[in-house]
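Reader: I am new to reading protein models and would love some help with the terms. Could we go through them together?

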Amino acid sequence: MPLISSGAYDRFSATASGPAATEYGLDDVQSFAVLREVTRPLQPVPLSFAATAEPVGLDLTEVHLTSGCRVMLRRVGDPELPLHVLAWWWDLGGGGPHVVGARDAADEPRWSLEVAADGTRTGTTELPLVPPRRLVGGVAVRVILWQTTPAVPAARITGEVEEAMRHTKLNGMLDLLRDRSGTSMHTVGLVREAATALGGEIAPVLRGLCTDYLDFYEGLYPVAELTAREWTVPGFHSGLRIRRTG
C-alpha cells in the first residue's frame with residue numbers, strides 16, 4: 001500500500017452504447033461507479049472509454065521528506081545513502097505500465113533527492129511522469145522512493161523494473177485494450193484486479209536490488225479531473241506536487 005494516495009479508479013469514465021444504454025439514460029460520459037451500478041442486472045453493455053480532448057502529461061515537480069520521516073521510514077531515510085525516485089504510469093488506451101526513472105549515470109542526480117543538514121530531503125527538478133498524450137479513461141501514477149549501495153546503479157533498477165512489468169497481469173490486460181471491441185464493465189473489473197496486484201508483483205524485484213524502498217504515492221486521475229493545473233498532496237512528514245503539462 002502506498003504511503004500517500006489520491007483519486008479513485010471508480011471515477012475513471014466511459015460512455016455506454018446499445019439499446020440498454022439508451023433505455024437507462026447512459027448516452028453521456030459516466031463514471032465507472034455509475035456504470036457498474038446501473039448495468040449490474042444487464043447483459044454486458046459495450047463501453048467506449050472517455051479521453052482527454054488534447055494531449056495531457058504529468059510532471060512531478062516536488063518531493064519532500066522532513067527529518068521527522070525517519071520515525072517511520074527508518075532505513076529509507078538514511079542520510080548516508082542517495083534516495084532515488086522511480087515511477088510508473090498507465091491509462092486505458094492500451095499498453096503499459098510505462099516505467100520512468102534514471103536511464104544512465106548522468107541521469108541519476110536528476111532522479112534523486114538532496115539531503116539538507118537537518119535530514120530534510122527535497123527534490124525540485126521537474127520529472128516527467130507521464131509524457132503528453134491523449135489519456136484514455138484516466139491515468140494512474142505510482143511513485144517509489146528507493147535506496148541502495150552505490151554499487152547498484154539507478155539505471156539497473158529502472159531497467160529491471162521495466163522488464164518485470166512486461167510479465168505482470170496488468171501488462172497483459174492493458175495489451176488487450178489495444179483492440180477495444182468487447183470492452184465492458186467486466187473488462188473494467190479485470191483491470192482493477194490486475195492493478196491491485198501490481199505492487200505485489202514488483203515488490204520482489206525491488207527487495208532483491210534495494211537496501212530499502214518506500215511505496216510513496218499512488219495517484220488516480222480521471223479524465224474529467226485533468227483540467228486542474230497542479231495538485232499538492234500532503235503526507236506524514238512528507239508530500240509531493242504534480243503539475244499538468246500539455
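Author: Gladly! Let us begin with the second largest pocket, which has a volume of about 240 Å³. R36, T39, R40, M185 and H186 are the closest to its centre among the 14 residues that line it. This is a predicted model, in which local features need pLDDT of at least 70 and side-chain atom pairs count only at pLDDT 80 or more, while totals for chains, interfaces and linings use all residues. Residues are numbered from 1 along each chain as its sequence is written, and side-chain values use heavy atoms, with hydrogens and water left out.

Reader: What makes a space a pocket, and what does its volume stand for?

Author: On a 1 Å grid over the protein atoms alone, a pocket is an open set of points with protein on both sides within 12 Å along at least five of seven lines; a cavity is a set where a 1.4 Å probe fits but cannot get out, and lining residues have an atom within 4 Å of a point. Points are joined across faces, edges and corners, and the volume is the space filled by probe spheres set on them.

Reader: Which elements give two or more residues to the lining of the second largest pocket?

Author: They are α2 (32–39) and α5, and α5 gives the most, with five residues. Helices (H or I, at least four residues) and strands (E, at least two) are DSSP runs, numbered from the N terminus.

Reader: And what lines the largest pocket?

Author: That pocket, of about 380 Å³, is lined by 21 residues, with P2, R142, A195, T196 and E218 nearest its centre. Here too α5 has the largest share of the lining, eight residues.

Reader: How do the residues of that lining divide by class?

Author: There are 13 nonpolar, four polar and four charged residues. Ala, Val, Leu, Ile, Met, Phe, Trp, Tyr, Cys and Pro count as nonpolar, Asp, Glu, Lys and Arg as charged, and the others, Gly among them, as polar.

Reader: Why is the contact between R243 and E126 called a salt bridge?

Author: The term asks for a side-chain nitrogen of Lys or Arg within 4 Å of a carboxyl oxygen of Asp or Glu. The side chains of R243 and E126 meet at 2.7 Å, N to O, so the pair qualifies. R243 lies in strand β14 (residues 238–245) and E126 in the loop between β9 (121–123) and β10 (127–133), so the pair ties together parts that are 117 residues apart in sequence.

Reader: What makes R243 partly exposed?

Author: Buried means under 20% relative accessible area, exposed over 50%, and partly exposed in between (1.4 Å probe, protein chains only). R243 has 29%, so it is partly exposed. E126, at 40%, counts as partly exposed too.

Reader: How do you know that R241 and E230 form a salt bridge?

Author: Their side chains meet at 3.7 Å, N to O, so this pair also fits the cut-off. R241 is in strand β14 and E230 in strand β13 (residues 230–235), so parts eleven residues apart in sequence are tied together. A search of the whole structure finds 16 salt bridges.

Reader: What makes H237 and the bond from G96 to P97 worth a look?

Author: Most residues other than glycine have a negative phi, and most peptide bonds are trans. Phi of H237 is near 50 degrees, a positive value in a residue other than glycine. The peptide bond from G96 to P97 is cis, with omega near 0 degrees.
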